[in-house]
Amino acid sequence: MILEYIIIFIYTICLVLIFLYSLAQLNLLVNYLKYRNKEDNAPKFDFTNPDEIPFVTIQLPVYNELYVMKRLLKNIAKIEYPIQKLEIQVLDDSTDESVAMTAKHVKKIQDLGIDIQHIRRTNRQGFKAGALKEGLKTAKGEFIAIFDADFLPKKDWLYRTVPYFKDKNIGVVQTRWSHINRNYSTLTRIQAFMLDAHFTLEQVGRNSKGHFINFNGTAGIWRKECIYDAGNWQGDTLTEDIDLSYRAQLNNWKFKYLENVETPAELPVIISAARSQQFRWNKGGAENFQKMIKRIVTSKNVSFKTKVHGLLHLLNSSMFTCIFLVAILSIPMLYIKNEYAHLKNYFYVMSFFVLSSLIFFVCYWHMYKNIYGGGFIKFFKYIGAFFTFFSVAMGFSLHNTIAVLEGHLGKKSEFVRTPKFNIKTIKDGWKNNKYIKKKPSVHVILEGLLAIYFVFGMYSAFVVGDQGGDFGLFPFHLMLFIGFSYVFFKSIFSKA
């Protein structure tokens, strides 16, 4: 009976934590709905006055981006801004043939009279953070815009973002990501669903109340003074963007999030690329929780509510650990429920926590409606999109739990870049992409075994108890089976 009580205890704690996180998401939804239609009266630079137009440096941190460099440089050269007040730094840590190609295209842009520099390092110390820090040493701009290799800012991007720095307290302006290949496959639609929730509900919900948000590593612009004041870029976590964001906000810098300014980008089209990206983001979130928790909790300049939202933000990835434990323990719990009649009341209480899923369902509907529109047909499509997303997200829970545990335990690992594909111009060219990881992770085998485990969970629904079965957890186990099967088969066959 001791083992059963241990299982019940862990299961209960995880359900409570997920519920508390869902309540925080609901609070962000309320903030979002209150704020999103408010008129923006923030002070802005008057760009009709040449004296108010500041110098801007655009940084492009790249590493072995053979397939997208031409597209990136061609697009960035079209940015509209006074040429005498614009500088572009290509921070190129590449080790392959893309270096020569990049140099060639940089020279073409220089011939147009644009101030663009091809900056190379002799090592990758600090990875992306190290490259940004190195470029900052010679950057002429008062403001530093950053774009990853797969981002395609629109021509007027600087004119729509830089004016907000009129407010001397603004350290960062972040824009919303959009997705040029949103409907390429089920995988890209799932990723878009997840990111859309972050870039609407979460970023607006937090920013509208002055809670901490994060620069998203790209498609944003920093005040150079803010970077230095916060301690500059540091490469001791895998998410240097969250790290610097929190250090800046703890130093009382304000962030401005612009939902109405979108920056198109390309989503990973194969699951190995998505896995590496998810691993980096989730491990980095846990690393930053460990790095920042003491400073956040002890800060005298931060409100209690902002501290709570900040800690939950950094624990976002850790929710996968709770989800994974609930999934694994749900089958033993099914047998415990039907074996120990005296625990009936406990299970009645536990059924209350299905409310967490309903809260997520409501929150994400508002995100979906904002992007795709409302109405019965769209709502019907949303139901399918939500359950597909939910299933596959749970299918990633083992992979992400391992990342989170490594982050909390302080295990260091290399910054693994996400391969880019340029699928708009290379039809199915990703299949021959030289950067694709060929060998699946050993974790994939465990994911396949978990798919079988949840088949057993569905079978158990028919055989437990004396009343013809217990089907309360059957939908949950079906979603887990679908999710782990999807992740397993996609990882084995490496198809988009």
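Two strands pair if DSSP finds at least two bridges between them. Helices (H or I, at least four residues) and strands (E, at least two) are DSSP runs, numbered from the N terminus. This is a predicted model, in which local features need pLDDT of at least 70, side-chain atom pairs count only at pLDDT 80 or more, and totals for chains, interfaces and linings use all residues. Residues are numbered from 1 along each chain as its sequence is written, and side-chain values use heavy atoms, with hydrogens and water left out.

**Exercise 1. Lay out the sheet and find its edges.**

Step 1. Take the order. The open sheet has 7 strands, arranged E3-E2-E1-E4-E6-E5-E7, with mixed pairing.

Step 2. Find the edges. Strand E3 (116-120) and strand E7 (254-265) each have a single partner strand, so one side of each has no neighbour in the sheet.

Step 3. Add the twist. From one strand to the next it averages 20°. Axes are lines fitted to C-alpha atoms, for helices over the stretch in contact, and angles run from 0 to 180 degrees between N-to-C directions.

Step 4. Check one pairing. Strand E4 (residues 143-146) and strand E6 (residues 220-223) run antiparallel and are joined by 4 bridges. Phe143 has Arg223 in E6 as its bridge partner.

**Exercise 2. Place two helices against the sheet.**

Step 1. Start with helix H2 (residues 69-76). It packs on the sheet and touches strand E1 (56-62), strand E2 (86-92) and E3. Contact means heavy atoms within 4.5 Å. The direction of H2 makes about 175° with that of E1.

Step 2. Go on to helix H3 (residues 98-110). H3 lies across E2 and E3, at about 160° to E3.

**Exercise 3. Describe the cores.**

Step 1. Set the criteria. A nonpolar core is a set of buried Ala, Val, Leu, Ile, Met, Phe, Trp, Tyr and Cys residues joined through side-chain atoms within 4.5 Å. Buried means under 20% relative accessible area, exposed over 50%, partly exposed in between (1.4 Å probe, protein chains only).

Step 2. Take the largest core. It has 66 residues, and Ile58, Leu60 and Trp233 are among those with the most contacts inside it. E7 gives the most to this core, with 5 residues.

Step 3. Look around Ile58. Beyond residues up to four places away in sequence, Ile58 touches residues including Ile76, Leu86, Ala145, Phe147 and Leu158.

Step 4. Find another core. Apart from the largest lies one of 62 residues, including Leu15, Met319, Phe324 and Tyr486.

**Exercise 4. Classify the ring pair Phe462 and Phe474.**

Step 1. Apply the cut-offs. Rings of Phe, Tyr and Trp (its six-membered ring) pair if their centres lie within 6.5 Å; planes under 30 degrees apart count as stacked, over 60 as edge-to-face and the rest as tilted.

Step 2. Read the geometry. The whole structure holds 46 aromatic pairs. Phe462 and Phe474 stand 6.0 Å centre to centre with 90° between the planes, an edge-to-face pair.

Step 3. Locate the rings. Phe462 is in helix H16 (residues 443-463) and Phe474 in helix H17 (residues 474-493), so the pair ties together parts 12 residues apart in sequence.

Step 4. Check accessibility. Phe462 is exposed at 53%; Phe474 is partly exposed at 25%.

**Exercise 5. Characterise Asn64.**

Step 1. Read the backbone. Asn64 is not a glycine, yet its phi is positive, about 50°.

Step 2. Locate the residue. Asn64 is in the loop between E1 and H2.

Step 3. Classify it. Asn64 counts as buried, at 8% relative accessibility.
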